[in-house]
Amino acid sequence: MTEIALTKVAKAGSLPAGQELVFGKNFTDHMFAMNYLTGKGWYNPRIVPYADFPANPAMIVLHYGQAIFEGMKAFRSADNRAWVFRPYDYLSRFNRSAKLLNIPQMDVELNHTALLKLLALEKDWIPGKPGTSLYIRPFVFADESQLGVKVADSYKMFIILSPVGAYYKIGFKPISIKVEDKYVRATIGGLGEAKTPANYAMSLAAQQDAYAEGFGQVLWLDAVHRKYIEEVGTMNILFKIKGEVITPALNGSILGGMTRKTVLELCRSWGVKATERQISIEEVFDAHAKGELEEVFGSGTAAVISPVGELTWKGQKIVINNNQTGAFSQKLFDYVTGVQSGKIADQFNWMEEIKG
Ligand SMILES: *Cc1c(COP(=O)(O)O)cnc(C)c1O
């Protein structure tokens, strides 16, 4: 077993009290770091004080974008124990993203050990108020300094932790969505199924346009036919039509979300038919016209469930469930957040306890 070195801060900080935690603005005292060099592999796994690091202006990631990341969460239950949600699943996806970006594979066991060790050290930073969590951000980038386009020989990996407030301060507010017909997010054979900064960089212009037009998010259609539904913003999307939950299949251009997977597992365990298949925007509008479109919602780690109240495609708007949160969306949200916060028994073994 590889040793993980530990250097502690001289003076520990503490969870900001009494103020709203803005997403991703506060960081804990320590971070995990590890380096990679061709010939040497991943080396020097260590937990060190959270700090800036030196960056050479010619670093490959800054020029050619070779990077990946993850996003998961840890929680504090009412009995003051600490838990992390599905860590192996997220860390396994991290390696799948690495493969697509030609980043060297990591040892999932080592990353898991490192994460749990870091979380144990930073346990006091896990907030306990309803809806709060400790957001976990692992990431890797090519840090070799040279401007030629090549497979980098040097990488850095980090895990940083950020306490976050409740995503929904006053309950759900269904979002109004623009079905995007100018920009595309990804295409099969591209980076769509990797969690990589490029997918976010390219979403910004479309998102800005949508905001300017008064929408909250965009719904992406496939790049080839411009008709099959892919994702919403940076969440997966699910439709409830005539009692059946339908979500686009993982065809290579869609991110395989952990929340999507969690929702599908839940539906199936509840006896609700859940289907992963191609679904077109026409089919959704047709289902609405027939009165069969019951609910639409996004899924992602940050919001868990994000109800969609309106969809506008080429100027045509449909209103879903009277712009109200659907009962099923609410039930899913309550269940997943209930397990995460320890209020509902963890029948599915999603939670791993942070010990020590
Ligand atoms: C992270 C992400 C999602 C949601 O995945 P979760 O694992 O549920 O958080 C969906 N789409 C994209 C593009 C993402 O990066």
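In this predicted model, alanine 33 finds its bridge partner across in strand β8, and that partner is phenylalanine 158. The pair belongs to a set of six bridges that join strand β2 to β8 (residues 154–164), with the two strands running antiparallel. β2 itself spans residues 30–37 and is mostly covered, with seven of its eight residues buried.

β2 has another neighbour too. It pairs with strand β3 (residues 41–49), again in the antiparallel sense, this time over seven bridges. One match to look for here is tyrosine 36, whose bridge partner in β3 is tryptophan 42. β2 and β3 form a hairpin with three residues between the strands, and in this hairpin glycine 39 takes a positive phi near 95 degrees.

Now for the ligand. Which residues are the closest to it? They are Lys195, Tyr200, Glu231, Thr259 and Thr301, out of 15 residues that surround the ligand. That shell is a mixed bag: five residues are nonpolar, six are polar and four are charged. Two helices, α2 (87–100) and α6 (258–269), each supply at least two residues of the shell.

Several polar atoms sit beside oxygen atoms of the ligand. A polar side-chain atom of lysine 195 lies 2.7 Å from a ligand oxygen. For threonine 259, an N or O atom in the side chain is 2.7 Å from an oxygen atom of the ligand. With methionine 258 the backbone does the job instead, as one of its polar backbone atoms is 2.7 Å from a ligand oxygen. Taken on its own, the ligand has 380 Å² of accessible area, and the protein covers 97% of it.

Terms used:
Residues are numbered from 1 along each chain as its sequence is written. This is a predicted model: local features need pLDDT of at least 70, side-chain atom pairs count only at pLDDT 80 or more; totals for chains, interfaces and linings use all residues. Side-chain values use heavy atoms; hydrogens and water are left out. Buried means under 20% relative accessible area, exposed over 50%, partly exposed in between (1.4 Å probe, protein chains only). Helices (H or I, at least four residues) and strands (E, at least two) are DSSP runs, numbered from the N terminus. Two strands pair if DSSP finds at least two bridges between them. A residue is near a molecule or strand if one of its heavy atoms lies within 4 Å of it. A polar contact is a pair of N or O atoms within 3.5 Å; within protein, one must be able to donate a hydrogen and the other to accept it, and residues adjacent in sequence count only if both atoms are side-chain atoms. Accessible areas come from the Shrake-Rupley method with a 1.4 Å probe; for residues, only the protein chains shown count as cover. Ala, Val, Leu, Ile, Met, Phe, Trp, Tyr, Cys and Pro count as nonpolar, Asp, Glu, Lys and Arg as charged, and the others, Gly among them, as polar.
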